[in-house]
Amino acid sequence: MSLTWMAWTAPTAIFFAAIFTLLAALTVLELYRPTTLRRGWLPFATTRGDRFFISLLIAAGMHIVALVAFTGPLWWVSAATLAATLALLRWG
């Protein structure tokens, strides 16, 4: 199987490794501490997986807006995305 169709740079590999690691962690967490529906900031009841998926959508949107609006490195957007994700998972 050839993976030459994808530009496997270090940031790309880190991104995919992080996503797969987080999904594995959520799976293990679900086995040991099953999630329940709850309401937080979001106007509807969500589970842990729902909030994680919403945070991925928010992260994608924040990065796309930053790519359009700014030039240069986007590490600060990644840091802001991480903070938003942690807040959404905790209080969302």
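Arg51 lies in helix H2, where a helix is a DSSP run of H or I with at least four residues, numbered from the N terminus. The structure is a predicted model, in which local features need pLDDT of at least 70, side-chain atom pairs count only at pLDDT 80 or more, and totals for chains, interfaces and linings use all residues. Residues are numbered from 1 along each chain as its sequence is written, and side-chain values use heavy atoms, with hydrogens and water left out.

Arg51 is buried (under 20% relative accessible area, with a 1.4 Å probe and protein chains only; exposed is over 50%, partly exposed in between). Even so, Arg51 has no salt bridge, that is, no side-chain nitrogen of Lys or Arg within 4 Å of a carboxyl oxygen of Asp or Glu. The nearest side chain of opposite charge, Asp50, is 6.6 Å away. Helix H2 also holds Leu56, which counts as partly exposed because its relative accessibility is 31%. From Leu56 to Gly72 there are 16 residues in sequence and 22 Å in space, C-alpha to C-alpha.

What, then, is the volume of the largest pocket? It is about 900 Å³, taken as the space filled by probe spheres set on grid points joined across faces, edges and corners. A pocket is an open set of points on a 1 Å grid over the protein atoms alone where a 1.4 Å probe fits, with protein on both sides within 12 Å along at least five of seven lines; lining residues have an atom within 4 Å of a point. The largest pocket is lined by 26 residues, and Phe15, Ile19, Ala59, His63 and Thr81 lie nearest its centre.

How values were computed: Helices (H or I, at least four residues) and strands (E, at least two) are DSSP runs, numbered from the N terminus. Lys and Arg count as positive and Asp and Glu as negative; His and the chain ends are not counted.
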